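Work through the following exercises with the sequence and the coordinates open beside you. Each task is followed by a solution that goes step by step.

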Amino acid sequence: MAGKLKHLLEWLKPVMAMVMIEIAIAGVNIFYKLATNDGMNVKIMVAYRMLFAAVSMVPLALIVEWNTRPKLTRRIFFLGFLLSIFGGSLSQNLYCESLVLTSATFVSAMTNLIPAMTFFMAIILRMETLSIETNVVKAKVVGTTLSIAGAMIFTFYKGTEIKLWSTSLNLLHHDHHHRDIAVSEQSSKNQALGGFLGVASAMSMAVWMILQTKLSMEYPPYSTTALMSVCASIQSVVYAICAERHWSAWKLGWDVRLLTVVYAGVVASGLMVALMAWVSRRRGALFIASFHPLLLIIVALAGFFMLDEKLHLGSLLGAVFIVLGLYSVVWGKSKEMKNAVVED
């Protein structure tokens, strides 16, 4: 009995870690809304995010992994540099620029292409198998498809409003009517470019997850995250300085802007990325990517409770598909691990 309970807890650790990661990332989305609503430049926001991630993770990596960290070879540094591009400076700036040119709904839909892109890349690189005759592969394919379908339903289909109860909390106090009209006009003019940037952001994140799985096998998680954060901070700061040379825009006060970049840097790009590297080492890139659509559910609930946003029938239907898809992928990966143990 004790052995079964221990095995269950070991199986649940990566699952609970990924749920925790998605909750943390959902918090970033909420803070992004508050900071941009306050007028913060998105390029500067990304730059500060990476800076705070580097400042927090470098000392942690030096202290925790000082006697277990292997030598920093050229190969490891090169992989870390690529991680910083695809998972840090490039993906975050593409995401934010797409958000400005289109809409939050469109960008959310594009990021839900990440599981499919990761799956196909993992197959091409032989990190995942595609023997469709086996139940394990069928479960992963069906689960990935269900999650993507649920995310699309969640994003594009509203249906009737679900009235639970009214919350008086709304952190966005400003009147957005005129701003929304301006954003809508800008979106119509730049829809094609914004769509391309959204797809490019999703592809960049998929490449990052594949590279992270490779590097996590050779380098410990905190050191991997520290290396990535340092490189990404340099890249993001240089890009932001070239794009925004008014130093007044870089000033941070004791307000939501500071809270946003500290939380996004230390928690999301720091601790959660390190935790993601640990999960990637145990379960692979597809396992991580399959949890991404769960972010929609968490953001919707956070928006309902904190931003006075509405829930609709499409949200409920999409959530059901996402949960079923996640269960299918997790079941497939668990069976795959059991089969690997039996073969060994």
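**Exercise 1. Classify R75 by accessibility, then find the partner of its side chain and place both residues in the fold.**

Step 1. R75 has a relative accessible area of 48% and is therefore partly exposed, given that buried means under 20% relative accessible area, exposed over 50%, and partly exposed in between, with a 1.4 Å probe and protein chains only. This is a predicted model, in which local features need pLDDT of at least 70 and side-chain atom pairs count only at pLDDT 80 or more, while totals for chains, interfaces and linings use all residues. Residues are numbered from 1 along each chain as its sequence is written, and side-chain values use heavy atoms, with hydrogens and water left out.

Step 2. The side chain of R75 meets that of E218 in a salt bridge, at 2.6 Å from N to O; the criterion is a side-chain nitrogen of Lys or Arg within 4 Å of a carboxyl oxygen of Asp or Glu.

Step 3. R75 lies in helix α3 and E218 in the loop between α8 (191–216) and α9, so the pair ties together parts that are 143 residues apart in sequence. Helices (H or I, at least four residues) and strands (E, at least two) are DSSP runs, numbered from the N terminus.

Step 4. E218, at 30% relative accessibility, also counts as partly exposed.

**Exercise 2. How many salt bridges does a search of the whole structure find, and where do the partners of R257 and K43 lie?**

Step 1. The search of the whole structure gives 3 salt bridges.

Step 2. One of them joins the side chains of R257 and D38, with 2.9 Å from N to O. Since R257 belongs to helix α10 and D38 to the loop between α1 and α2, the contact ties together parts 219 residues apart in sequence. R257 is buried, with a relative accessible area of 17%, whereas D38 is partly exposed at 35%.

Step 3. Another joins the side chains of K43 and E97, at 2.7 Å from N to O. K43 sits in helix α2 and E97 in helix α3 (residues 74–101), so parts 54 residues apart in sequence are tied together. K43 counts as buried at 16% relative accessibility, and E97 counts as buried at 19%.

**Exercise 3. Describe the ring pair of Y48 and W250, and then that of F287 and F291.**

Step 1. A pair of aromatic rings is described by the distance of the centres and the angle of the planes. Rings of Phe, Tyr and Trp (its six-membered ring) pair if their centres lie within 6.5 Å, and planes under 30 degrees apart count as stacked, over 60 as edge-to-face and the rest as tilted. By this rule there are 4 aromatic pairs.

Step 2. For Y48 and W250 the centres are 5.7 Å apart and the planes at 65 degrees, so the pair is edge-to-face. Y48 lies in helix α2 (residues 42–64) and W250 in the loop between α9 (221–243) and α10 (256–283), so the pair ties together parts that are 202 residues apart in sequence.

Step 3. Y48 counts as buried at 15% relative accessibility, as does W250 at 9%.

Step 4. F287 and F291 form a tilted pair, 5.1 Å centre to centre with 55 degrees between the planes, and both residues are buried.

Step 5. Ring pairs also link Y48, W247 and W250 into a cluster.

Step 6. R283 lies over the face of F287, at 5.3 Å from the ring centre; the rule requires NZ of Lys or CZ of Arg within 6 Å of the ring centre and within 35 degrees of the ring normal.

**Exercise 4. Which residues have the most contacts inside the largest nonpolar core, and what does W208 touch?**

Step 1. A nonpolar core is a set of buried Ala, Val, Leu, Ile, Met, Phe, Trp, Tyr and Cys residues joined through side-chain atoms within 4.5 Å.

Step 2. The largest such core has 73 residues, and those with the most contacts inside it are M18, M40, M45, W208, M209, F287 and F291. Helix α1 (residues 2–37) gives the most to this core, with 12 residues.

Step 3. Not counting residues up to four places away in sequence, W208 touches L83, F86, G87, M228, V273 and M276, where a contact means heavy atoms within 4.5 Å.
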